[in-house]
Amino acid sequence: MPFVAAISSVAAMDNFDGVVANAVGEINGLRFWSIATGTTSASLIMSAFEASVTPGGADMMPAGTLVNSVGWTNPENLFDGNPGTEGGRLTQPDLAIGWIGRTFATPRTLAEIRLRSGSSGGNAPIAFIVHATKDGGTTWFPIQIYFPSAWAANETKTFSVPAIRAVTGTARADARFWRWSVVAPLVSGSLARLAEIEMRATIGGPDQCSGGAAFASSFDGGDNIPRLTDNNLTTNLQGTSANLRAGYAFPAKTNVGQAMIHASTFGGPRFLTLDWSVDFFTWTTALSPPDQVTWPDNTTRLFTVP
Ligand SMILES: [Ca+2]
Ligand SMILES: [Ca+2]
């Protein structure tokens, strides 16, 4: 049974469109993959992840086998039926790979998932993908991306699970996810400090980063991800090493013809790539700008995407 009677229902945002890959809706595993958490902390902490075959129905997740990415503390606490116990992925720098779920011995068609925040609403995801598997977890495919509103502490949100469809888009124009990957900062071992990123459809066009959520990995724990796209050049996200990733999850397919970075003090990246993905799994590089030999503080750079 769900933990609380009063739950907020959140409509599905945008299904991964494409042809129906498999008419059989039954799956034998489900997981969610946090893209970004709220504003008070980058750590992902939840107290429950439930799923049911009917809206409001019995929770099927405890019957399954736990599967999760590395870095989790007490992952079983999301499936123990106890809203007072929390599990989390506290090692923030790789939050973008923070996924968790269950696989089932018996395939089933799921209609609804329910997530419950922990003692801090800011540690719940403001953007996440739900993945399903039909082969017991060997391969996963995304079935929906969600952008819930901000969470209260100990709040359960309900999300409908769409009919199982598969991502079929393979072209850049099908991408919902775009990111900058900092390959190396200006000075080896130093910081890259990104105040703002923009993804424009055309050269000189308006920024398209709205309606979805920014995401990032390998950044300092004191930072928060929404600073990347808050249209405020005085708020930034800084990475302590190479492999800082900073991107945006769009609610619909989005092509990018020009991308922007505004670097604040400590400069910007020296080597970087702009990558896109249709599913948040597999990334393709769209642009590898030349060596940014210098990048003065508080400077905007624009890059045309071929
Ligand atoms: Ca729990
Ligand atoms: Ca900012």
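Two residues are in contact here if their C-beta atoms, placed from the backbone, lie within 7 Å. Keep that cut-off in mind for the tour, which runs through a predicted model.

**Start with the whole chain**

Colour the protein chain by confidence before selecting anything else: the average pLDDT is 83, and 83% of the residues score at least 70. Then select residues 1–15, where pLDDT stays under 50 and for which the model has 38 contacts beyond four places in sequence. Residues 17–24 also stay under 50 in pLDDT, and for them the model has 10 contacts beyond four places in sequence.

Switch to a cartoon view, in which the secondary structure of the protein chain comes to 21 strands and zero helices. Of the contacts in the protein chain with a separation of 6 or more, 77% are between residues 24 or more positions apart. Of the 306 residues in the chain, 45% are buried.

**Select the five-stranded sheet**

Next, show the open sheet whose five strands run in the order β15-β17-β13-β19-β20, with antiparallel pairing. Strands β15 (213–217) and β20 (284–287) stand at the edges, and because each has a single partner strand, one side of each is left without a neighbour in the sheet. Looking across the sheet, you will find a twist that averages 30 degrees from one strand to the next.

Now centre the view on β13, residues 177–185, which pairs with β17, residues 244–249, in the antiparallel sense over six bridges. Two positions help to trace this pairing: Phe177 stands opposite Ala249 in β17, and Ser181 stands opposite Arg245 in that strand. β13 also pairs with β19 in the antiparallel sense, over eight bridges, and in this pairing Ala184 has Phe271 of β19 as its bridge partner. How much of β13 is covered? The strand is mostly covered, with seven of its nine residues buried.

Move on to β19, residues 269–277, which pairs with β20 in the antiparallel sense over three bridges. Here Asp275 has Thr285 in β20 as its bridge partner. The hairpin of β19 and β20 has six residues between the strands, and in this hairpin Phe280 takes a positive phi near 70 degrees.

**Go into the nonpolar core**

Which residues of the largest nonpolar core touch the most other members? In this core of 69 residues, they are Ile35, Phe49, Leu194, Phe215 and Ala249. The core draws at least three residues from each of domain 1 (7–160) and domain 2 (172–304), and colouring these two ranges separately will show how both contribute to it.

Select Ala249 and display its contacts. Leaving out residues up to four places away in sequence, Ala249 touches Ile35, Ala127, Ile145, Arg176, Phe177, Gly212, Ala213 and Phe215. Among these, Phe177 is the residue that stands opposite Ala249 in the pairing with β17, while Ile35 and Phe215 are listed with Ala249 among the core residues that touch the most other members.

**Finish at an exposed strand residue**

Finally, select Ala105, which lies in strand β8, residues 99–108. Is Ala105 buried or exposed? Ala105 counts as exposed because it has 9 C-beta neighbours inside 10 Å, and the cut-off for that class is 12 or fewer. Add Thr65 to the selection and draw a distance between the C-alpha atoms: Ala105 and Thr65 are 40 residues apart in sequence and 8.4 Å apart in space.

Definitions and conventions. Residues numbered from 1 in each chain as written. Chains lettered and ligands numbered in written order. Predicted model: local features only at pLDDT ≥ 70, side-chain atom pairs only at ≥ 80, totals over all residues. pLDDT = per-residue confidence, 0-100. Pairing = 2+ DSSP bridges. Helix = DSSP H or I, 4+ residues; strand = E, 2+ residues; numbered from the N terminus. Axes fitted to C-alpha atoms, helices over the stretch in contact; angles between N-to-C directions. Buried ≥ 20, exposed ≤ 12 C-beta atoms within 10 Å, placed from the backbone. Core = buried A, V, L, I, M, F, W, Y, C linked by C-beta atoms within 7 Å. Domains from an automatic or database assignment.
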